[in-house]
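Me: I would like a close look at one part of this model, with the surroundings that help to place it. Please keep the wording plain.

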Amino acid sequence: MNEPLLHVQNLCTVFETRGGPIKAVNNVTLTLNPGEILGLVGESGSGKSVTGFSILGLIDPPGRITRGRILLKGEDLAAADPSRLRGLRGDRIAMIFQDPMMTLNPVLRIDTQMVEAIQTHRSIGKREALSACEKALADVGIPSPAERLRAYPHELSGGMRQRIAIAIAFLNRPDLIIADEPTTALDVTIQSQILSLAQTMCETHGTAMIWITHDLSVVAGLADSIAVMYAGRVVEHGPVRDIVERPMHPYSHGLLQSVPGMNSNKSRLFQIPGMTPSLASLGAECAFRARCKKQLSECSVAPEETAAGPRTFRCHNPMGHTHG
């Protein structure tokens, strides 16, 4: 059996604060194969973005990875030195940010930025690099790519800038791309185009992708598998169809019920009661207990991970289970 492209094993990322250490990522394990798209889903503060930044080695003090391994093609990124990580970022592993202006420098033309992204990692001339950049823009559906290369970011629409950010991420044919809610600020039509584009690019180039989002409906038609995060932990992980059609964790079920269109026209949009807990005050109990309608006395102790066929979950009283 082939080794997975990415294997995140028991990852813990902690932020030191005056009130004590906060486990933003708590014992997370993920596996990703070449060409696979993983949807990393959860509310704000669940730890999904910190997981992505941890994989990229972009955690700054007071944050630090305290435990775990991040194996990319067998190489442990958690143990790599900063110079090695700089060499990998933008080459073998890339990121698409929620705001494309996090990627694009507002005072430099698009061609300057894209050529630099290629020449930083490959020894090619400027003419060859420009040709590769023009093709990359054409691949993401940008009309008149040669003209767009000469533009500044502020001369382009938000959807166009996000396409360019995606083109830059794919420039060096990376093994892995982490997309941190890249369609949140776009209108629905452009959002659909970007999702379709990302899926096509991964299929074409065999690139694996982690798509971070708070919206399960976004990844339902995009991802191959889903990992649902809550309070720093993965509470359910499995094939997208299994989780969308038959979620086992009450939190996954609540996220699905909150999606417009999942409820009937005459009923109010479902809301998960309560608020996400403070990571600074998590006790020994299940973190979702205070918001859960299926809680039991056993929930005073956080559940261990349980395997059920191709998926895993952390719950003492999963959906579809009648407690005797």
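Which strand gives the largest share of the lining of the second largest pocket, and how many residues does that strand supply?

Reply: The model is a predicted one. Strand 2 gives the largest share of the lining of the second largest pocket, with four residues. Strand 2 covers residues 20–32. Strand 10 (233–239) is another element that supplies at least two residues of this lining.

The pocket itself comes next. The second largest pocket has a volume of about 370 Å³. Its lining is made up of 20 residues, and those closest to the centre are Asn26, Arg233, Leu282, Gly283 and Ala287. Sorted by class, the lining of the second largest pocket holds 13 nonpolar residues, three polar ones and four charged ones.

Now follow strand 2 into its sheet. Strand 2 belongs to an open sheet of four strands, in the order 2-1-4-5, with antiparallel pairing. Strand 2 and strand 5 (75–76) are the edges of this sheet; each has a single partner strand, so one side of each has no neighbour in the sheet. In general, strands of a sheet pair through backbone hydrogen bonds, and the pairing can be parallel or antiparallel.

Further into the four-stranded sheet, strand 1 and strand 4 run antiparallel and are joined by eight bridges. Val14 stands opposite Arg64, a residue of strand 4. Strand 1 (residues 6–17) also contains Asn10. The phi of Asn10 is near 50°, which is a positive value in a residue other than glycine. As a rule, most residues other than glycine have a negative phi, and most peptide bonds are trans. The peptide bond from Pro61 to Pro62 is cis, with omega near 10°. Pro62 sits in the loop between helix 1 and strand 4 (63–72).

Helix 1 also meets this sheet. Helix 1 lies across strand 1, strand 2 and strand 4, and runs at about 110° to strand 1.

Strand 10, which also supplies residues to the pocket lining, leads to another sheet. Eight strands form that open sheet, in the order 6-7-8-3-9-10-12-11, and the pairing is mixed. Strand 6 and strand 11 (306–308) are its edge strands, each pairing on one side only. From one strand to the next, the twist averages 20°. Strand 10 pairs with strand 12 (residues 311–313) in the antiparallel sense, over two bridges. Within this pairing, His237 has Thr312 of strand 12 as its bridge partner.

Helix 1 (residues 48–56) packs on the eight-stranded sheet as well, where it touches strand 3 (37–41), strand 6, strand 7 (176–180), strand 8 (208–213) and strand 9 (225–230). The direction of helix 1 makes about 150° with that of strand 7. Helix 6 packs on this sheet too, touching strand 6, strand 7 and strand 8, and its direction makes about 175° with that of strand 6.

Helix 6 and strand 6 bring in the largest pocket. Strand 6 (93–96), helix 3 (110–119) and helix 6 (158–170) each give at least two residues to its lining. About 590 Å³ of space lies in the largest pocket. Its lining has 22 residues, and Arg89, Gly90, Thr103, Ala117 and Ile168 lie nearest the centre. By class, the lining of the largest pocket consists of 13 nonpolar, seven polar and two charged residues.

One cavity of 30 Å³ or more is counted in the model. This cavity holds about 70 Å³ of space. Its lining has 14 residues, with Pro250, Cys286, Cys292, Cys299 and Cys315 nearest the centre. Seven residues of the cavity lining are nonpolar, four are polar and three are charged.

Aromatic rings are the last item. Four aromatic pairs are counted. Ring pairs link Tyr230, Tyr251 and Phe288 into a cluster.

To return to the request: the four residues from strand 2 are the largest share of the lining of the second largest pocket, and strand 2 stands at an edge of its sheet.

Definitions and conventions:
Residues are numbered from 1 along each chain as its sequence is written. This is a predicted model: local features need pLDDT of at least 70, side-chain atom pairs count only at pLDDT 80 or more; totals for chains, interfaces and linings use all residues. Side-chain values use heavy atoms; hydrogens and water are left out. On a 1 Å grid over the protein atoms alone, a cavity is a set of points where a 1.4 Å probe fits but cannot get out, and a pocket is an open set with protein on both sides within 12 Å along at least five of seven lines; lining residues have an atom within 4 Å of a point. Grid points are joined across faces, edges and corners, and a volume is the space filled by probe spheres set on the points. Ala, Val, Leu, Ile, Met, Phe, Trp, Tyr, Cys and Pro count as nonpolar, Asp, Glu, Lys and Arg as charged, and the others, Gly among them, as polar. Two strands pair if DSSP finds at least two bridges between them. Axes are lines fitted to C-alpha atoms, for helices over the stretch in contact, and angles run from 0 to 180 degrees between N-to-C directions. Contact means heavy atoms within 4.5 Å. Rings of Phe, Tyr and Trp (its six-membered ring) pair if their centres lie within 6.5 Å; planes under 30 degrees apart count as stacked, over 60 as edge-to-face and the rest as tilted.
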